[in-house]
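Please open the structure in your viewer and keep the sequence beside it, so that each selection can be followed in both. What is there to see at each stop?

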Amino acid sequence: MTKSVAFKVSALTAAAILSTAAHASPNLSGGVWFNYQYAQNDKAHQESWGVIDSEALVLYADGNVPDTPWTYSAETRIGPGSFTDADNNSTGSQFAIHKAWVGYQFEDGPMVTIGKNQVPFAWKTYNFWPGDMLLAGYGDQMDVGVKVSQTLGPLHYDAALYLADDWSTSTDTMDDNRHWGSTSTYRKVQTFVGNLAYSVNDMATFGVSAQSGGLQELVSGDGEVSGDHNAAALYYTINFGGLWAKASYISTERNLPNEVADVTIENDRYAAEVGLNTGNWSFYADLTYAQPDTDGNDADTIRAFAPGLSYDYGPGWMYLEYLTQDGYVDRNGMALEGDFDALYATIDFYF
């Protein structure tokens, strides 16, 4: 594309955006959160009685264009509590866009979503951290691509193609980061995702999800898509009054690009969540397991448990959560042993 043609296209695009914005009904809002953490095996935390950190300013833009089928949603975070990886994101800082998408709702048809949006894979935890734990890489995923979704009676389906897991060549998906390589190794690309859920009644839902895609090496400079990844999930959710429960089984496989390592990483994940909403209070607990099945990995089955509670005090929520785990999942999806215990107290407010 020549410079003059590119300028004309950019000008027309800008005009279209401004025209849409002029007729939109945006809901602009923001929020702030910060967190107290006490890690039991951290000598500095023992000396200081913990640390208050993970502060962030969060900005939201949600809305629709009246009398049209268009909607949009965006979330930007600024600060150390953005849950972003500055060394591997697209900005090189603690500023990042968690999501940004536009959607078109066909009359009596599917919804098409374009941009960085929620990957339709199994279920999401009540609170992504520390709830996601050993879901690592398959929890609160936000990838960049196009998604088609529709509910037909008791049946709901999603079909998606994600060009990459973040903007540009970033390997950071924010909430679910540090599980898909790095800017010096490889990144996730060309990922197809499918999800099918069936609601037995108003309370219970069974579902199956699958995703498959490539891994692009970032070592040689050629950018060859020489690796691949695959995962499948079976899941169940139930809600009864203020009670809820979720369970899932996830099988994962990752063939790393040869430029990075000649290895196939496999493991099975098991996850469960139970909770109760009563008044302004919510009580919940997440339990996840990862069973290694990779040649040469001698780690035992690892476990993570996170009970917690939250209180809706008006302008936001207060959280109190505890995390204990005897293992973790690294950037390559490998399940490894390692003890960690911490207490978290978080407060947020929105305006």
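The tour begins with confidence, moves to a cavity, and then follows the strands around that cavity.

Colour the chain by pLDDT before selecting anything, since this is a predicted model: the mean pLDDT of the chain is 92, and 93% of its residues reach 70 or more. Now select residues 1-22, where the pLDDT is below 50 and where the model shows three contacts beyond near neighbours in sequence. Where pLDDT is low, the predicted coordinates should not be read in detail.

Next, turn to the interior space: a search of the whole structure finds one cavity of 30 Å³ or more, and the largest cavity holds about 40 Å³ of space. To see its lining, select Tyr138, Thr252, Glu253, Arg254, Ile265, Asn267, Arg269, Asn332 and Gly333. By character, these lining residues divide into two nonpolar, four polar and three charged. Two elements, β11 (243-255) and β12 (264-278), each give two or more residues to this lining.

Show β11 and β12 together as a cartoon, and you will find them running antiparallel, joined by 13 bridges. Within this pairing, select Ser251, which stands opposite Asp268 in β12.

From β12, continue to strand β13 (residues 281-292), which pairs with β12 in the antiparallel sense over twelve bridges. Here Tyr270 and, opposite it in β13, Tyr289 can be selected as a pair. Finally, look at the turn of the hairpin that β12 and β13 form, with two residues between the strands, and select Gly279 there, which has a positive phi of about 60°.

How values were computed:
Residues are numbered from 1 along each chain as its sequence is written. This is a predicted model: local features need pLDDT of at least 70, side-chain atom pairs count only at pLDDT 80 or more; totals for chains, interfaces and linings use all residues. Side-chain values use heavy atoms; hydrogens and water are left out. pLDDT is the predictor's confidence in each residue, from 0 to 100. Contact means heavy atoms within 4.5 Å. On a 1 Å grid over the protein atoms alone, a cavity is a set of points where a 1.4 Å probe fits but cannot get out, and a pocket is an open set with protein on both sides within 12 Å along at least five of seven lines; lining residues have an atom within 4 Å of a point. Grid points are joined across faces, edges and corners, and a volume is the space filled by probe spheres set on the points. Helices (H or I, at least four residues) and strands (E, at least two) are DSSP runs, numbered from the N terminus. Ala, Val, Leu, Ile, Met, Phe, Trp, Tyr, Cys and Pro count as nonpolar, Asp, Glu, Lys and Arg as charged, and the others, Gly among them, as polar. Two strands pair if DSSP finds at least two bridges between them.
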